[in-house]
Structures are given as C-alpha cells and as structure tokens.
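Visitor: I have the model open and a handful of labels I'd like explained. Can you walk me through them?

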Amino acid sequence: MFSPASVGLSAVGLCPLMSAKAISEQTGKEFLYKYICTSAAVQNRFRYANVTAETDFERLAREHPWLLTERLVVKPDQLIKRRGKLGLVGVNLDLNGVREWLKPRLMKETTVGKAKGVLKNFLIEPFVAHKQEEEFYVCIYATREGDYVLFHHEGGVDVGDVDAKAKKLLIRVDEKISEESVKKELLTHVPNDKKPVLASFIVGLFNLYEDLFFTYLEINPLVVTKDGVYVLDMAAKIDATADYICKAKWGDVEFPPPFGREAYPEEAYIADLDAKSGASLKLTLLNPRGRIWTMVAGGGASVVYSDTICDLGGVDELANYGEYSGAPSEQQTYDYAKTILSLMTREKHRDGKVLIIGGSIANFTNVAATFKGIVRAIRDYQVPLKEHEVTIFVRRGGPNYQEGLRVMGEVGKTTGIPIHVFGTETHMTAIVGMALGHRPIPNLPPVAAHTANFLLNSSGSCRDVVPAHCAVLLHHRVPPALWTKATSLFSKHTKAIVWGMQTRAVQGMMDFDYVCSRDEPSVAAMVYPFTGDHKQKFYWGHKEILVPVYKNMSDAMKKHPDVDVLISFASLRSAFDSTMETMQYPQIRTIAIIAEGIPEAHTRKIIKAADAKGVTIIGPATVGGIKPGCFKIGNTGGMLDNILASKLYRPGSVAYVSRSGGMSNELNNIISRTTDGVFEGVAIGGDRYPGSVFTDHVLRYQDTPGVKMIVVLGEIGGTEEYKICEAIKKGRITKPVVCWCIGTCATMFSSEVQFGHAGACANQASETAVAKNSALKEAGAFVPKSFDELGDIISSVYDDLVAKGVIQPAEEMPPPTVPMDYSWARELGLIRKPASFMTSICDERGQELIYAGMPITEVFKSEIGLGGTLGLLWFQRRLPRYACQFIEMCLMVTADHGPAVSGAHNTIVCARAGKDLISSLTSGLLTIGDRFGGALDAAAKQFSKAFDSGMLPMEFVNKMKKDGKLIMGIGHRVKSINNPDMRVQILKDFVKQHFPSTQLLDYALDVEKITTSKKPNLILNVDGFIGVAFVDLLRTCGGFTRDEADEFVEIGALNGIFVLGRSMGFIGHYLDQKRLKQGLYRHPWDDISYVLPEHMSM
C-alpha cells in the first residue's frame, strides 16, 4: 500500500499518471467551492487571488476588495509539496506585507528536493486564525478495489507519516459512503461537537471526488471552528480521460507542469496535435541543451530507450522523452519530427548530437508510411542537422519496415547526414550503445526488400500439417454456474465476436487462423451498432467467405452460442457500456478491451463485474494477446511477415506477460530468436488498473503443462511484481521466471516525467523499477542487468531447460501459404494495375486538400476568391487577379434572367410539383443548349474561326447569311442598340480597362455594328460577349499557349460559366417557390392553341 502523503506530488522525481493529472490548488478549490454538497458551512468560498510577475496590485485590490481589509496568507501554487516546511508560506500579512514577502521569491529560482525551478505563480487567501486542535487531515485516493478515505485528528505541517497514523475507510467500487460509517471508522478521536460537521463535510467531499472524477484529493490542514469549515491547503489530481464526461463542470482545465520543469510551447504544440489525432503523440523536454535526442515509437519502447540511455551514463545529456504510436499519418509524423529537429538544432554541442529513432516491432502501424514523414523533416532540416553534427541511429520493425529502413538509409546517402539503419535482426536497444560509443557500429547486409519475402513459401502448402504438441492444447469450457476464471483462455476451437467495424484486424485474425491450420475461422461474427444487419466479406486462405455483422449484441449472442471471447474495438466513450452489456451473457468468458483512455472509475467497475462473473479481462489500452497455433486478438503479433518470422503459427515453450502491446511484439521477436518460441503471450495494457494483472496470467502459465518457462516484462508503478516474488518464495511458482521491470531511469530525473503508460508511475520507493527488479532477483527470478541483456538471460534459461530435458524442441513444420491482399501488395510496390480513371485537378489523399497543386490553406491565404478557385479546378492555373474578377463578374451577370426563360420556368414547374432541389435544378439545367444559354462556346468558336482565318467582319456576316446559319451570340429578344443590356456594358467597361488585348472582342463589336444596322436588336448579347472576351482572356493572360486556349474552348469550358452562374438563379427560384408555398402548376387553357391535325383540318 502506498503512502498517500507521497501521492499528491512525488518527492523523488517520478512520473505522474498519464490519466491522473495534477491540478493547481486554485483549480481544485474552485471545483470544491462550486460543487460540494454538504450541510457543513464551508467558509471563504472563492476568496483567493492569483499573483504572477505581471500582476498589477492596484487592479488586484479593486477586483478583490477583501485584500485590503483582511489578514492574508500567500504561497506558491506550482505543485510543490510541504511548502510550510520549506519556508514558502507567508502567514498573517496585510497586502503590503504580501508584496514585501514576494519580492525575494517571485521569479526567483529555488530548489525543492532534486528539482530546481522558478517561483512564478502565487496564491493569496484570507488568513484563518485558529487553534492547533482545530486542524485535521483528510485525504481520498483511488486503488484497484475502491477509494480510501484517510483521516487524522491532528493535521498541519507536522502531520508526519499519515499512512501509519491515519484512520482508513475503504469505499469499495459501487458502494456509497455514509455519515455513520465516517463517524464510526474515522472520527473516533474527534470531539463530539465537531463530529457532525466533519462527517457531513467528508461525505460531501467524497461525493464531489466521485462526481468530478478525482483520483487524489488531500486537504491539510482542514480547519474546523465554531464558524464552519476552512480548506487551507489542498492538493489534487483528476482523471484527465474523463474530460468528455466532466467538460461541463471542469471547463478548460490547465494542467501545470511539475515543479522544476518549464512548460515549453513545443510541448503544448505536440499535446494539441495529440488531442486532434487518433494516434498518440507525446513530448517532454528534459534538457534542451542535451546532445541525446529520441524519437521513439511506442509507449513501452520509449521507456526502455530512456532506461538504456540512462544506464549507459547519458542521463545528463538526455534532451527529451516522448513517443509516437497508434499509426499516425505521414503529416502527423512530419509535424512531430520537425518539432524535435527544430529543438535539437538551436544550440550546438561540442561533441555533436545523436538522434535515436527507435521502436519495437509494430503491430499494425505501416512503418514506411510513418518514416515518410520523418524523412521529409530530415530533408527540410538537412542543413542545420549537418551544421550541428547530428548522427542518426534507426531501429524499427513491423509492417513494411524494410521499405521504411530503405528510405531512411537512402535519405542519409542523398543528404550526407550519417544515418545508421537496423531492423529486427538487431536487438531493440543496441543502437543506444552504438550512439553513445559503447559498442561498435556493425556493417549489416541490406535488409530484405519487402514484407513479401516471408509470405512466399517455397515448400508449398501444408494445410493438413498440425504440429504434434499443438493437439494437446485443449480449451476447457467452464460451466457458467461455477463462474471461475479459466486456466486456458484460448484453443484451436475458440470462437470470438468482434465489436466494431475493424475489418483489417479481423482479416489479420483469419490469416493467422489459416497459417495455424485451424479448421475454421476464429471470428464468428461482428457487432456494429451503427449499421443494420448485413454480411462482411473476408478471405479464408484463397477463397472469400462472409461474416455476419449484427446491429445488436443480443442477436449475435443468440445466433452464436459457441462464442466465448469478445474483442472490443469500441471507442473510449462507448467501451464501458458495451463491456458491461457483454458481461450480461454468461457464454462470454474472456473480453479484450483495446481502447485507451477509459476513465479509471469505469475500468474499476468493469473489473468488479468481471471478478463477480468469472470473466477474464485483457486491457484496456492493449493490443491484446496471442496463443501461437490457436488464436490471436485483433492486431496482436503484427502482420503475417512478423507472425512467420517469429514462428507464431505454432506453439513454443515460453509464455510471457507484458503491459505494453508494442513491447509484446518485441518479446515475440526476442523469444523466437533465443528459444523454440512462444506458447502464449498477453499484453495486459498500460492503464493503472488493467482488467487482469501479471499474477493472473503467470499463475495460469504455472498451471499449464505446455509452458516450461515464463517471461514477465513489468514496469515502474504498482506492486503486482511483488506478488510474483511472494508466489516464487512460497513455491506456488516453480517454473523459471525471467523478469525485467522497465522504468529504471525514473529515479535519475530531477523532475517528474510523464511516461507513455497511465500506470507507469511510482508513488513510493517500493514501486520503482529498480526496487522491483532487486526484489524479483532476491526472490529467485532471473533478472538481467538491463533490457539489453534480456535476450541473453532468456536464452541461458532456455538452454539449461533443454540440457535438462525439460524442453524437447519439436521439428519445425512449414506453415501453409496465405495470399497477400491486393491493397497491401500495392502498398509494397509488388504489383501494378492501370488506374480506372485519371485526375489532375484535385488530391484529397494527404493531410490537406490540394487544388491543382495548391493546398487549401494557401487558397484561402492568397485570397484568390471564387474566380481563382475556378481557375485552379477548370484551367489548372493560378490566373491573374483581373481574370479571377472577370470570372466572378460573369457568374454574377449570368446568375438569373427572370422566371420566364425556359430553364427557370422548368425549375419552377418542378419545384411546384413537389420535387426536391436536385431534381428541380437538373430540370432547368437540361434546357441549356444552343437556343438557351449555350451560346458561349458556339459564339467563341464562330468568331474565333472567322477572325483567325483573316475574314473581314462584313465577309463573316455575309458568309453566315449565305450558309443560312445564325451568328451565335448576336441578337436579343428585348434589348437593342437603343435599349442596351447593362450586363454587357458592365463587362465591356471592365474588359477594356484590364485585359492586355481585346482583338476578338473588337472584331465581334465590328460585327455588331453591321448586324444592328440591319435590325437594332441584333446586338452582341451577354452570351456572345462572355464567349469572345473569354477567348481574349485565355489567349493573352500569359498562362496558356495558343493550343491550350483553343482546346479549352473546344471542350466546352465556356458554357460551364453559364451553367454555374445560372445554377445560382435556378436554386433561388426553387427556394422562392418553396418559401411562397406555391401549389402544383397547371398551364392555363387560354394560353394553349388547340388545333386539329393538319390532314383533318383540311
């Protein structure tokens, strides 16, 4: 049990929880004053003032008049524990006294424990005069089984070891606190007159703690006088993952950094990227002047790399801690990488710098895709990287990692930056020793070109071959009435339901089933509430099969009674409800919860329900688990190349349990290289309260005959590893256990560091990785000196078991061949296929929409308007400003010409017939042609042809008359030379003023002079004007060749102007008719001439 006095703010420089984040005292008190419900009189509500270096004290006094009338207390509000003992509390001062007290402290550096930091944020509150016996201590903190309330009747600065002194009351999950239990269990040493007030306050405090998802809340001292209750000092943490539940009450909470570490804008930038992404992006700056920088994929792997750097003496030069995982996009990886490269190239180091781009073997992240973002960043920063003498070391594995490593190696050659690249053949942390000069850099042969090498089985299909020792792996189904957790979770006959439309994960499971020579797929059905019942197509080897998808869980359970495993890909918001629903069905014995970020309070309720029903929970925040030759959960084990390389298609003799999903895949690799392979592996998840714990699985492995040795990858935080120690000492575990706890670097940092897993946090010395490794070794486990040596220890223990005859390695049997998916083969560049069609105007595939090569952000930044956007999409050019304006003017003047024209008339008739907008608009657009609105192209072609052939205007008019053809763009029903069309006049004025040349327009105006001399309404109408003016624009704006300009006219681009413009008017008529609620249109009889057929009238 940890000491609650150390939970609030660790004194040994360890990390805070990822989900449980410390809040300022001011924020905590604000929550308390706003939302506590108690009959106790809580005094001094909202009476506090914040002081920083920018504070104007005169304005502060106006905003808080009580500062001038009361005695005051002032203290820093920066997550500093034991401020009173450090002399950091000013007591019983007036406002001037506060200002004097702040002078030697505000913006001054001070040391708290190992941490050095600047005091920059202070809190002023009213001074409360009271007696020592009126001081009490109260604390509430979360554990797996429930929430403990600690109370001591002697609070204050000298409270001492409250864990030993205080009375404790455990409120188990889903239980309620009562004033009676508080009085009975906690208030035995409190004077009778204060018991009712304290009992009411503590109950109200606990309910507040639950409602606002606190994980820790400490008040010391809590003062109770005849006037009421005073909250003097307070420390608190809230579960940040509950933001979606508590947002209305929390508001925008600021989480201050631990004292001694500045809040850098780059950290905030990455945190913002993380919040907007489904991936995980973390960055903590430790020493911006350091020479060792990391860019690590995976939460567990990021801790391992930091451990190794510190173990090799690099703690003082380690510049940052962070991770990227969860399949970030190329753009997200680029943004993350450029942030780190920008930081590391600001100050030079006399010894140069190293960048370690590391990671475990990915389960589902396309390594090549993420590396593209890193490569872009390296290219962008190649000059400063060379100036700062940066050497880069890369080690990675996972889907398409060979291509990723090839690209990374290539960028090193082209930029001249030293980049050393390694794959899964190299131990994960070996590059750290190389980077720090502790081991030589080997010259490795080139890695395989692509993933496909693993999938081309030259020995042919062995579909019917089953390894001999796989047949004994029976799955013992437990009768629901007994409701005890099973020793064996999975077998070759296990059937699962997958919650969520995760088709890639399901296909991966089926491919695994196939190479394991299962008789039928492990996925019986899927549940997806957001669609109706249907069938989803998947591959089973070479043939296609259909898997049912159900809208309701109950339907899936009824139709598949043989299913006993549920794999939940539900989001963090829906995972709790869907998991609780799943446990209503006794047939389900194992649930894997993949989602990360489920509030801890919800997870604890899941655990309680699962324990009551005998259900094994794997997760949350996990990739799952795998039983080679039998069953795998979702994306566990990665893609087929890793399944085959790590021999996960058949069982070995080694079982492992890990917190980290990424590191579980690394264990698959290490174990396959040093032993006969994995028997079973489970990643229990990185949250503080995983659904099942290390000992749950280690004891299962102990009781499983096929398991001959056990590997445990523990980590900093929690006490579960000590249960393994006890089991070894008591003889409950007799099989060899190889164990290593990651996070040994934590004790070396001077300030708290947020590690990648929510549970990776030590609340007392016994929870550090160093302490646990020592205890495990003392208990008899095999513990390496570092993660670097983990593979060697596993190999040594395995070889010893083989020598003793405990393990008899089986003959290796090749697995059947699984065809590669078309999409993945294309991703790897193994195949090519002609595209169904081509496009050159728009690309929506990347991080940002692109119009003809111009990012959408640049479109808006450049203010090119609708005309410029049309220029990009229609003409694939960025047109001059005057051209953009002309296009917009054309759209404006062609937008509408009244309801009488055929297009508008058709639109109105359709609208009044009750048709929808699209149908009505289409009806109007279909009337556009040579007779209505479609004269732009025809006019442009006729006038261009005549002008280009050298024909005089009179010759052109005479020829058209002789041929019996109309001159398109000439003539108007209403307008004439005496009643000019103002639309044409507006356009003419603009064109004459801005166009470089108007040769064709001038030619058309000369034709107009001839035609109007014969009849005044034979004017150059708006269609004709736009047609000829557009030809002048295309030919003279400088953006097109003559052939290109003519081609745009030929393919009908100009009619598009009228169609686009008039669509606005047609939509207007549609909306107008709907707004006026006009009924069905029927044409009047008196406007129709009814005549008999011609032969009858004669």
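Guide: Sure, and keep in mind that this is a predicted model. Let's start with asparagine 92, which has a relative accessible area of 34% and is partly exposed.

Visitor: Why is asparagine 92 called partly exposed?

Guide: Buried means under 20% and exposed means over 50%, with partly exposed in between. Asparagine 92 has 34%, so partly exposed is the label it gets. The residue sits in strand E4 (residues 90-93), and its phi is near 60 degrees, a positive value in a residue other than glycine.

Visitor: What makes a positive phi worth pointing out?

Guide: Most residues other than glycine have a negative phi. Glutamine 876 is another case, with phi near 55 degrees. That one is in the loop between helix H28 (865-875) and helix H29 (881-893). At 34% relative accessibility, glutamine 876 counts as partly exposed too. A glycine with positive phi turns up as well: glycine 731, just after H23, at about 85 degrees.

Visitor: Is lysine 237 buried or exposed, and how do you know?

Guide: Its relative accessibility is 6%, and the cut-off for buried is under 20%, so lysine 237 counts as buried. You'll find lysine 237 in strand E13 (residues 234-239).

Visitor: What makes helix H22 largely enclosed?

Guide: Seven of the nine residues of H22 are buried, so the rest of the structure largely encloses this helix. The buried ones are Phe694, Thr695, His697, Val698, Arg700, Tyr701 and Gln702. They pack against strand E26 (616-618), strand E29 (654-658), strand E30 (678-683), E31 and H23.

Visitor: And how do you know that H23 is mostly covered?

Guide: Count again: in helix H23 (residues 720-729), seven of the ten residues are buried. Among them are Tyr722, Ile724 and Cys725. The cover includes helix H22 (694-702), strand E31 (709-715), strand E32 (737-742) and helix H24 (769-779).

Visitor: Why is the largest nonpolar core said to lie between two domains?

Guide: Domain 2 (265-440) and domain 3 (496-804) both contribute residues, so the core lies between them. This core has 105 residues, and Ile567, Phe631, Met709, Val711, Val712 and Phe787 touch the most other members. Its largest share, seven residues, comes from helix H16 (residues 503-515). Another core, of 62 residues, lies apart from it and includes Phe875, Met889, Phe932 and Phe956.

Visitor: Which residues does methionine 709 contact, leaving aside its neighbours within four places in sequence?

Guide: Ser653, Val654, Ala655, Pro736, Val738, Ile794, Val797, Tyr798 and Leu801.

Visitor: Why are H32 and H37 called oblique?

Guide: The axes of helix H32 (residues 935-948) and helix H37 (residues 1042-1050) cross at roughly 140 degrees. Roughly antiparallel needs over 145, and roughly perpendicular covers 65 to 115. An angle of roughly 140 degrees fits neither, so H32 and H37 are oblique to each other. Their axes come within 9 Å, and Asp937, Ala940, Lys941 and Asp948 in H32 meet Arg1042, Val1049 and Glu1050 in H37.

Visitor: Last one: where are the cis peptide bonds you flagged, and what omega goes with each?

Guide: One runs from asparagine 220 to proline 221, with omega near 5 degrees, and proline 221 lies in strand E11 (residues 214-225). Another runs from glycine 619 to proline 620, with omega near 0 degrees, and proline 620 is in the loop between E26 and strand E27 (625-627). Most peptide bonds are trans.

Methods. Residues are numbered from 1 along each chain as its sequence is written. This is a predicted model: local features need pLDDT of at least 70, side-chain atom pairs count only at pLDDT 80 or more; totals for chains, interfaces and linings use all residues. Side-chain values use heavy atoms; hydrogens and water are left out. A nonpolar core is a set of buried Ala, Val, Leu, Ile, Met, Phe, Trp, Tyr and Cys residues joined through side-chain atoms within 4.5 Å. Buried means under 20% relative accessible area, exposed over 50%, partly exposed in between (1.4 Å probe, protein chains only). Helices (H or I, at least four residues) and strands (E, at least two) are DSSP runs, numbered from the N terminus. Domain bounds come from an automatic or database domain assignment. Contact means heavy atoms within 4.5 Å. Axes are lines fitted to C-alpha atoms, for helices over the stretch in contact, and angles run from 0 to 180 degrees between N-to-C directions. Angles under 35 degrees count as roughly parallel, over 145 as roughly antiparallel, 65 to 115 as roughly perpendicular and the rest as oblique.
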